[in-house]
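Student: Please take me closely through one part, the pocket and its lining. Then carry on to the aromatic rings.

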Amino acid sequence: YGFGLVNAETAFNLLNNALLGIVDSVAPQNDGLLPFGHVPVGATATQTLTLHNDGSGFLDIQSISIAGPSSPFSVLSNTCTQGLGSGESCTVEVGFAPALHQIFAARLNVLSNSSAGAVTSINLVGSGNSPPPAPQPTVPADGATGLSTTVVLQWSQLSDVDGDAVAHEVLFSTSPDFSQSTP
């Protein structure tokens, strides 16, 4: 019979079954990705993560940190400071404040005694870029009726405030809620 060394803390956690679960505020909520979308340079967007103990033992959350070079992501608030009993949860608010027009990626790492592994990571991604403005129709006028069967569509706003080219999708619909529309 072979004998090996066993880390007492690891053995306790496996027997105690502390299990970290993380749900983010953007669907799908448990995919390991927290997207911030397009955020104008100089602005800050926030997202909330809910950490919960899906196991039967006590979950000790030892640290929460952001990993990534020159990351514009930060932990703005953290209620996960006391550890979690079975079924309990806490929240972490993450901010994204890009200073440059580019795509950023980083990881939020949660160090805990989870039986699934000491470090659980969530990928963070966001773009320092202003969303394009809504197109402004010029021809035909919004709500126009009695038009001929040949209609020329025109609108202004061919680029966004960052100078990026913008493409528009036009939907034709006979219903005001666009439930029956044709692109």
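**The pocket, then the rings**

Tutor: Strands E9 (136-139), E10 (154-156) and E11 (172-173) each give at least two residues to the lining of the largest pocket. Strands are DSSP runs of E, at least two residues long, numbered from the N terminus. This is a predicted model: local features need pLDDT of at least 70, side-chain atom pairs need 80 or more, and totals for chains, interfaces and linings use all residues. Residues are numbered from 1 along each chain, and side-chain values use heavy atoms, without hydrogens or water.

A pocket is an open set of points on a 1 Å grid over the protein atoms alone, where a 1.4 Å probe fits, with protein on both sides within 12 Å along at least five of seven lines; lining residues have an atom within 4 Å of a point. The largest pocket has a volume (the space filled by probe spheres set on the points) of about 670 Å³. Its lining holds 20 residues, with Pro137, Pro140, Leu153, Val170 and Leu171 nearest the centre. By type, 14 are nonpolar, four polar and two charged. Pro, Leu and Val count as nonpolar.

Now the rings. The whole structure has four aromatic pairs, meaning ring centres within 6.5 Å. Phe36 and Phe73 are tilted, 5.5 Å centre to centre, with 55° between the planes. Phe36 lies in strand E2 and Phe73 in strand E5, so the pair ties together parts 37 residues apart in sequence. Phe73 and Phe96 are stacked (planes under 30 degrees apart), at 4.7 Å and 25°. Ring pairs link Phe36, Phe73, Phe96 and Phe104 into a cluster.

Notes
Helices (H or I, at least four residues) and strands (E, at least two) are DSSP runs, numbered from the N terminus. Rings of Phe, Tyr and Trp (its six-membered ring) pair if their centres lie within 6.5 Å; planes under 30 degrees apart count as stacked, over 60 as edge-to-face and the rest as tilted.
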